2 protein chains.
Amino acid sequence: MSEKLSEAAFDQLFRTARTYNAFLPKEVTDEQLHQIYELAKFGPTSANSSPMRVVFVKSKEAKEKLAPFLSEGNRAKTLAAPVTAIVGSDQAFYDKLPQLFPHADARSWFAGNQPLIDATAFRNSSLQGAYLMMAARAVGLDCGPMSGFDNAGVDSAFFAGTTVKSNFLVNLGYGDASRDLFPRSPRLSFDEACRIA
Amino acid sequence: MSEKLSEAAFDQLFRTARTYNAFLPKEVTDEQLHQIYELAKFGPTSANSSPMRVVFVKSKEAKEKLAPFLSEGNRAKTLAAPVTAIVGSDQAFYDKLPQLFPHADARSWFAGNQPLIDATAFRNSSLQGAYLMMAARAVGLDCGPMSGFDNAGVDSAFFAGTTVKSNFLVNLGYGDASRDLFPRSPRLSFDEACRIA
């Protein structure tokens, strides 16, 4: 059995973590991006399907390729962020199930069932995107996720010739609380969002 | 700036955490369910839309109400779990945006745009479901998520007369590693799932 994590860890992962719009001018290293993935990959997915695919957009050239597909309100902050992760989902994820779920013919549960494929890819790449953000916070980074962008444009620029589709974007870096950080918005209370039956 | 969490925290949240099929006979308290939500609610969602709604199925009566809608392979373990969380999404989440995003007319960004409503509800309730699992692990509990069940049946039994639809289920408790815990399945390597551009 596990103990509770510390109050400081609760803060870092959830309570004082924020969505940052500005980041300090400090590099996010390739090693950190590997660390984040090496944690996030262990989060649970349906039949271990692991549909998430990620492009970590870091170079000036790649940022410029991304720029035209960002919404007006997200463009400047995204170009300025140390890294922007494009969280995508491989719509042919089931072709990897013989590798990922070797103890059963899990590929056959999905192949040919397009509504199940679509729901599984979307649900599980979203779950994995959340694990990625939690992992980023766990290694001491901050996140700025966004879903308002031109998905088809991003797909043609970064995933052409593949079965991957973009899901959402996450800016990564060291958050700058002195710039463009809005007051925390209210959350639903337990009783508004949950019940115990 | 935050420090990295400890190696023990990385293990508890990601590296040694597992999807459990069996749980120890030890209660998950209502207070713990509140703690989990009070952490998870702070995870980021699009425009703070927070579409996740949760029924924590804990009583024998509620478990029996859930039973007919579980897949054969998930039924016994789910009935035996201390708590089963039904993670749902409120398809009318945008009606709460005047409360949740008070600094702009965010409701108008969604109302009437059904594809955007559907995608936002599904993506963000999935993100929040992942935060809920990470929060459960952070407070020392273990998870057993499942997406194979009769969604329409669960919706009629638990969300009748509301705008909430079920997304996925999560068994919660103290994992019993001595029963039905399979060896860890392989994950995709960084290079199989990610690239740095």
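## Close-up views of a predicted two-chain model

**View 1. Two strands of chain A run side by side in opposite directions.** S3(A) and strand S4 (residues 164–173) of chain A pair in the antiparallel sense, with 5 bridges between them. Strands here are DSSP runs of E with at least two residues, helices are runs of H or I with at least four, and both are numbered from the N terminus. Two strands count as paired if DSSP finds at least two bridges between them. Look for Asp142(A), which stands opposite Gly173(A) in S4(A). Strands of a sheet pair through backbone hydrogen bonds, either parallel or antiparallel.

A quick word on what you're looking at: this is a predicted model, where local features need pLDDT of at least 70 and side-chain atom pairs count only at pLDDT 80 or more, while totals for chains, interfaces and linings use all residues. Residues are numbered from 1 along each chain as its sequence is written, chains are lettered from A and ligands numbered from 1 in the order in which they are written, and side-chain values use heavy atoms, leaving out hydrogens and water.

**View 2. A sheet built from chain A borrows a strand from chain B.** Its 5 strands follow the order S3(A)-S4(A)-S2(A)-S1(A)-S5(B), in an open sheet with mixed pairing. Strand S3 (142–146) of chain A and strand S5 (194–196) of chain B stand at the edges with a single partner strand each, so one side of each has no neighbour in the sheet. On average, neighbouring strands are turned by 20 degrees against each other, direction ignored. (Axes are lines fitted to C-alpha atoms, for helices over the stretch in contact; angles run from 0 to 180 degrees between N-to-C directions.)

**View 3. Helices lie across the strands of chain A.** Helix H7 (residues 114–138) of chain A crosses strand S1 (52–57), strand S2 (83–90), S3 and S4 of chain A, at about 15 degrees to S4(A). Helix H8 (residues 151–158) of chain A runs at about 90 degrees to S4(A), and lies across S1, S2 and S4 of chain A together with S5 of chain B.

**View 4. One helix of chain A holds a salt bridge.** Which side chain does Glu72(A) meet in a salt bridge? The partner is Arg75(A), at 3.1 Å, N to O. A salt bridge here is a side-chain nitrogen of Lys or Arg within 4 Å of a carboxyl oxygen of Asp or Glu. Both residues sit in helix H4 (residues 72–80) of chain A, 3 residues apart, which is about one turn of the helix. Over all chains the count comes to 20 salt bridges, but between chain B and chain A it is 0.

**View 5. The two chains meet through the same surface.** Here 76 residues of chain B are in contact (heavy atoms within 4.5 Å) with 76 residues of chain A. Since 100% of the interface residues of chain B are also interface residues in chain A, the copies use the same surface. Together they bury about 7,000 Å², 66% of it on carbon and sulfur atoms; buried area is the accessible area (1.4 Å probe) that two parts lose on being put together, summed over both.

**View 6. A half turn lays one chain on the other.** A turn of 180 degrees and a shift of 0.0 Å along the axis put chain B on chain A with an RMSD of 0.0 Å, so the two copies are related as by a two-fold rotation axis. The fit is by least squares on the C-alpha atoms of residues with pLDDT of at least 70 in both copies. In chain B, the C-alpha nearest the axis belongs to Leu127(B), 2.6 Å from it.
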